[in-house]
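Please read this report with the structure open beside it, and look up each part of the chain as it is named. The sections below go from the chain as a whole to its cores, its cysteines and its charged pairs.

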Amino acid sequence: MSMKSFNIKPAANEEEDEKRSKKSNLQSNQTINHKMSKTASLILRKTQSHFLVSSEKLDKATKRVIAPYAQIVRKGLKEERKEGTYLDINRFNVFLEDTVDLDSLLYETAMVLKTVTNSSGAFVYIVNKVNNELILMPKNTKNPARHEVNIPIEEGKMAAAHVASTKEYLVLDDVQRDRRFSSGLHWIDANTALVMPVLQPDGDLYAVLELYRTCAEPYDANVVYTVVSVACWAGAAAHQAAARITLQKTGHLNAELRALLNSYFCNLASIDTMLTDMLAVVKSFMGAMRSSFYIIDRERAELTADMWDDGWAENTAMPRKKTKIDLNADQTPAGLVARTGVCLNVRDAYKDPRFTKEVDPTTGTVVRSCLAMPIMDKKGVIGVVQLTNKKNAKPFEAEDEEIFKVFVSYCSLIVQFYHMHQEKIYHENLNHVYCDLMHVHLKPCRHDFDELIESNGIAIPPNNFNNYNFHISEISKEDMPGLVCYMFSETIMEKMSFDRTQMADFALTVLGCYRPNPYHNAEHAFCFTHTMYMILLTNPGHFDPIETAALLLSGVCHDLDHPGVNNNFLSLTNHPLSQMYRTSLLEYHHYFLAKKLIEDKKIISKLPPADQERLLEEIKYDILCTDLAVYFQVRAQLANVVAEGTFDWKLSTHRNLLKGILMTTSDLSGCCKPFGVAKAITACIYEEFYNQGDKERAMGYTPLSMMDRRRSSNQPAEQIQFLCVVVMPCLLLLQHVFPNTAQLADNCRSTQEYWHEEIEIRGQKLWKQDDSLVSVGRKNTISTNDTPE
């Protein structure tokens, strides 16, 4: 219903208003009836309805009630009404106040209706949903200690209780003779009465208004319509006011909890501090005496939980931190919610047969009412939050449940994070255990260590050691740790203050960490390190000590724990390394182990912290450069610099590009040995490739040509292609910067020629380099399916 504005002029003083009111009582009643008739006729014509009330009949309470939906004309103020404006927001200011007393306002509204409808009196009944009864509201509504008169909600006996039960209004033309209600109005002898329910938009009953007349004049349709309209408006206003207050509380609670969560997730607060602070906040917002937080322990068969408590002692704000409790021991609200996963609102624990004890054994609190909600995940209940006993001794209402749901949603984040944090702590400790176990098993053989220390931590190298043609196959493999220490002593050991004993321990341990693969094994790591040693030894002064040490350490560690398969295979099989790193899976793994061993053996402990950090960063870059995908990028950039003649040793970017080429050259240096050695190394490479191809075929995949054991006849042609496309460009770039490395390129050319002879001996088609050049729109490559001529 829409109403036009009331025109109200305030009286000069209250006494004059009262005199005028008595003199014009009859005249005013006639005027009101006239206006009511006019309202009914306007309604039939579907226009706006209104009625005017003389200012003499309005007291302060009346003006306050009418204020939300009436325009009051004040002295000295002139308010212009704009055309087309049907709603003045100022009418609703009272209901936008946080401190509005809805019960008091409803009582004053009933007094206004009493005046407007010419009733003898009015009663207001507020609904108590918990006890299913009506509470008579006395005149002094603001007295918190007022005595309550309770009336059970039921049909028959009393008119107000009957209306509350049926939710339909009653018009009683003769109260005394109405047989439905033996008690009449119960409070007063009335002849006629109008009993109106105040319903909220969701259908809930908020209150009952009871108007009566001591005279025999019945309530007509116009009066009924007016009361119905005001009751509907009052119900909507009560609903909106409650929703607004709930929304405001929810917003404030959100702000408080977000601030707490930010501190917790940023590691500024512990879980104990976080939960106790959250419990204190929600307890304050909900007006509860006690709040408890339970996190279910799923590792145990019995139903146990860690409990945090706030308000555990009377007259204290001190929280109780985590304690272990058994939720199976007694029938408790938290235990019931944990087992069922259903929200529980106990309005009166004394009348609830599910809980037989007055004292909750888990919290030690006398429970009168409580609100408990589960915290869920996809596996079930992971926690419970419980509020106990409101301070106003009332039960928890539906509005409390809505606000509490907001808190529980934040609790869900906390519990999930708590479990993740606990799992993280568990796996961190598990890693420490594994690291200790690895540390024990990685200790080198005491006999080997003592033997190496007896020779001053180094082995005497053979005469041809300082030559690119040297290979470990020429001597005993047991000499590799001593020769590694020798290479460090000749280049960097004194400059970096490396301890010979620690270095010997490190060399023995590192070489022992290589798996017995056909190719990626300790011999390959030694070959790599020897080539790097030769380049650095014959070209001193270009790299500073930290760069030099990083290159040598990267060489001996660059393939630690290599599994014998490539990165593509790890991704194909969803290996854990493929879940840990996005690219260069093996290279990151090698660096992780290298860093671990360097730190455990403390070989760089004498360096300043800044130098230690820089050394590890250099090692990381160097090892990552052994990924051929990275090599092609580095080669392209350095080739441009060399072609333009702008290579500058002072630029760290240029030196980094060169270090990348050094790593690839050393990694592929097996191809640069004399052909007999190079061919044996190639056989090892293919054996490792074929092992991977066999695994792929067993999984249902078709292996690449170089990994297909069935195409082993293509090895010479594939090697010639590999040397021309990958190895030679790398060696030529290095030779441009370090001309004294020409022996590597010469050996590579010789190896190519030997592979050509191998093809001719086998009678196969000779592969030519021009066949690999990309022409317009297509690329011609050698056919891997050619049969011998």
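## Surface and overall build

In this predicted model, the chain exposes about 40500 Å² of surface, and carbon and sulfur atoms supply 52% of that area. The chain has 789 residues, of which 48% count as buried.

The chain contains 23 helices together with 16 strands. When contacts with a separation of 6 or more are considered, 65% of them are between residues that lie 24 or more positions apart in the chain.

## Nonpolar cores

The largest nonpolar core is made of 90 residues, and the members with the most contacts inside it are Phe488, Phe498, Phe506, Phe526, Leu553, Leu560 and Leu615. Helix H22, which spans residues 715-737, gives the most to this core, contributing 12 residues.

Phe498 can serve as an example of how such a residue is surrounded: once its neighbours within four places in sequence are left aside, Phe498 is in contact with Phe488, Ile492, Met493, Met503, Ala549, Ile603 and Ile604. A second core, separate from the one just described, has 34 residues, and these include Ile271, Met274, Met286 and Val408.

## Cysteines without disulfides

How many disulfides does the structure hold? The count is 0, and two cysteines show how the distances work out. For Cys343, the nearest cysteine sulfur is that of Cys370, at 9.7 Å, and Cys343 is in no disulfide, because a disulfide requires the two sulfur atoms to be within 2.5 Å. Cys343 is partly exposed, with a relative accessibility of 35%.

Cys748 is likewise in no disulfide, and the nearest cysteine sulfur, which belongs to Cys672, is 5.1 Å away. Is Cys748 buried or exposed? Cys748 counts as buried because its relative accessibility is 0%, and the limit for a buried residue is under 20%.

## Salt bridges

The model has 24 salt bridges. One of them joins Lys405 to Glu402, with the closest N and O atoms 3.7 Å apart. These two residues are separated by about one helical turn, because they are 3 residues apart in helix H9, which covers residues 398-441. Lys405 is partly exposed at 44% relative accessibility, and Glu402 is also partly exposed, with a value of 44%.

A further salt bridge is formed by Lys679 and Glu758, whose closest N and O atoms are 3.5 Å apart. This pair links distant parts of the chain, since Lys679 belongs to helix H21 (residues 675-698) and Glu758 to helix H23 (residues 742-762), 79 residues apart. Lys679 counts as partly exposed at 35% relative accessibility, whereas Glu758 is buried, with a relative accessible area of 15%.

## A loop-to-helix pair and a network

Arg709 and Asp694 also meet through their side chains in a salt bridge, with an N to O distance of 2.7 Å. Arg709 is in the loop between H21 and helix H22, while Asp694 is in helix H21, and the two are 15 residues apart. Arg709 is partly exposed at 34% relative accessibility, and Asp694 is partly exposed with a relative accessible area of 34%.

Which residues are joined into one network by salt bridges that share partners? They are Glu547, Glu618, Arg655 and Lys659.

Note on methods:
Residues are numbered from 1 along each chain as its sequence is written. This is a predicted model: local features need pLDDT of at least 70, side-chain atom pairs count only at pLDDT 80 or more; totals for chains, interfaces and linings use all residues. Side-chain values use heavy atoms; hydrogens and water are left out. A salt bridge is a side-chain nitrogen of Lys or Arg within 4 Å of a carboxyl oxygen of Asp or Glu. Helices (H or I, at least four residues) and strands (E, at least two) are DSSP runs, numbered from the N terminus. Buried means under 20% relative accessible area, exposed over 50%, partly exposed in between (1.4 Å probe, protein chains only). Contact means heavy atoms within 4.5 Å. Accessible areas come from the Shrake-Rupley method with a 1.4 Å probe; for residues, only the protein chains shown count as cover. A nonpolar core is a set of buried Ala, Val, Leu, Ile, Met, Phe, Trp, Tyr and Cys residues joined through side-chain atoms within 4.5 Å.
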